[in-house]
Amino acid sequence: MLTPAPRIAQFEKMGFGMFIHWGLYSQLGVGEWTFHLHKRKMEDYKKLMDTFTAEDFDAEDIVLTAKNAGCKYITLTTRHHEGFSLYDTCGLNDFDAPHSPAKRDLVREFVDACNKHGIVPFFYHTTLDWYNKDFENDFDAYLEYLRKSVEILCTNYGKVGGLWFDGNWSKPDADWKLDELYGTIRKHQPEAMIINNTGLDARGCIGHPEIDSVTFEQGRPTPMDRSKMDKYITAEMCYTMNDHWGIGHTDLNYKPPKELIECLCDCRKVGANYLLNVGPGPQGEIVPMQKAIMGLIGRWMEIFGEAIYEGKPYETKSMGKYFMLKGDKCLYIFCYSLSIAGDSNVTTLMGKYTGIYAFSGVKDKIKSIEWMDNGEDLSFTQNGEDLMVNITPMPYGASYCVRVAKAIIE
Ligand code: GLC
């Protein structure tokens, strides 16, 4: 059986991360693809740099927002497809934050705040580039520029959790010289995860042998079939809170927190990480709605986070959506659509569940089960691998979206 390399095991254990899409495009508030989709001219677009002050970018506030949500790592767009770098490119070009009115290395601030608060920094880096003309005209020169850019990120900022690339799908037939790019990372940051987004059309696909995690962009991950792999590769799903990565001022289509929490659980069910995106406003502030959603997820994580970090996929069958994860001498039972205790004049039972819930294939012998939120014991009977749990309602005053019970095993 394949076992994960330490960096991959550590990544899996972190479970939940925050994605940040922020760049010059954030000033326009119409998504990070606006240059391309709205057919803007680069000579106009690059003027966005003249108004980029980053005055509301408070790395510490961002890191604490992530930390309070229960995130263990943050993946920041150090450079997105527009080609503008939030870091000091050390002379590779002038299209970077230190040359803007911000006059700051924002990646440095981000890394410092992460290190201060025990959050692992990850660097998103585009491979597709709309700014650098070499991308179309002299691809080899472009690849060397890309490699040098990545080398700066790997040598100037201390230990990095990983590099997260995006854009190879834009030239599917090109030779991206990945041995050289990934070799540069392995040389300077041997413990860094290497991830390269395979995009919406190729979710979960494995590429180069150095890749440590496959990606599921905007989609629910499926269980990993490792039978034909040469090494243990893990998975990560990235997800938007509404319909854009970079902020869309008129994107009002926020997903309910319940869906965002359920999705986190769905990821963990198959052992995948969950990378939830925020798109900060024009000068770098996390907008109130996104901050509030992160805060709400944090309240859920405070109560049930142990199950997210410690739980590993556990094969059982149940009659519905409920599932289990295995922890240290315990099982975590994830329960959905629960009813609230009370009076039928005020709490509805429609579509809600209480009562006996059956699982099969439970190979461990259970000693006791209790709700993680209030410690209430749940009665159960176990017959070999068949388990029946008496699911009680949530106490009036609470409603957890997903409620988790912890079963102690022998
Ligand atoms: C896509 C988009 C990009 C976004 C990324 C996040 O590949 O091109 O804008 O950063 O997905 O997964």
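In this predicted model, a convenient place to start is a single pair of facing residues: Thr381 has Met388 of β16 as its bridge partner. The two strands involved, β15 and β16 (residues 386–391), are joined by four bridges and pair in the antiparallel sense. Stepping back from this pair, one finds an open sheet of four strands, arranged in the order β10-β13-β16-β15 with antiparallel pairing. The edges of this sheet are formed by β10 (317–318) and β15 (380–383), each of which pairs on one side only. As a general reminder, strands of a sheet pair through backbone hydrogen bonds, and they may do so in a parallel or an antiparallel way.

Parallel pairing appears elsewhere in the chain, around strand β7. Strand β6 (residues 213–217) pairs with β7 in the parallel sense over five bridges, and within this pairing Thr215 has Glu236 of β7 as its bridge partner. Strand β8 (residues 273–278) also runs parallel to β7, to which it is joined by four bridges. Here Glu236 turns up again, standing opposite Asn273 in β8. To get from β7 to β8 the chain passes through α9, and the resulting β-α-β crossover is right-handed.

How buried is β7 itself? Six of the six residues of this strand (residues 234–239) are buried, so β7 is largely enclosed by the rest of the structure. Thr234, Glu236 and Cys238 point one way from the strand, while Ala235, Met237 and Tyr239 point the other way, and all are buried. Glu236, already met as a bridge partner of Thr215, is thus among the buried residues of β7.

Attention can now turn to the open spaces. The largest pocket has a volume of about 990 Å³. Its lining consists of 32 residues, and those nearest the centre are Lys269, Lys312, Pro313, Tyr314 and Glu315. Several elements contribute at least two lining residues each: α1 (6–14), α9 (257–269), α10 (288–310), β9 (312–313), β10, β11 (323–327) and β13 (355–360). Two familiar elements of the open sheet, β10 and β13, are therefore found in this list, as is α9, the helix of the crossover between β7 and β8. The largest share of the lining, three residues, is supplied by α1. Sorted by class, the lining of the largest pocket has 15 nonpolar, seven polar and 10 charged residues.

The second largest pocket holds about 340 Å³ of space. Of the 20 residues that line this pocket, Trp169, Asn197, Gly199, Leu200 and Glu217 lie nearest its centre. By class, the lining of the second largest pocket comprises nine nonpolar, seven polar and four charged residues.

Finally, what about the cysteines: how many disulfides does the structure hold? The count is zero. A disulfide is a covalent bond between the sulfur atoms of two cysteines, and two examples show why none forms at particular sites. For Cys90, the closest cysteine sulfur, in Cys154, is 13 Å away, which is too far for a bond. For Cys114, the closest cysteine sulfur belongs to Cys71 and is 11 Å away, again too far for a bond. The surroundings of these cysteines can also be described. Cys90 is partly exposed, with a relative accessible area of 47%, whereas Cys114, at 0% relative accessibility, counts as buried.

Definitions and conventions:
Residues are numbered from 1 along each chain as its sequence is written. This is a predicted model: local features need pLDDT of at least 70, side-chain atom pairs count only at pLDDT 80 or more; totals for chains, interfaces and linings use all residues. Side-chain values use heavy atoms; hydrogens and water are left out. A disulfide is a pair of cysteine sulfur atoms within 2.5 Å. Buried means under 20% relative accessible area, exposed over 50%, partly exposed in between (1.4 Å probe, protein chains only). Two strands pair if DSSP finds at least two bridges between them. On a 1 Å grid over the protein atoms alone, a cavity is a set of points where a 1.4 Å probe fits but cannot get out, and a pocket is an open set with protein on both sides within 12 Å along at least five of seven lines; lining residues have an atom within 4 Å of a point. Grid points are joined across faces, edges and corners, and a volume is the space filled by probe spheres set on the points. Ala, Val, Leu, Ile, Met, Phe, Trp, Tyr, Cys and Pro count as nonpolar, Asp, Glu, Lys and Arg as charged, and the others, Gly among them, as polar. A crossover is right-handed if, with the strands pointing away from the viewer, the path from the first strand over the helix to the second runs clockwise.
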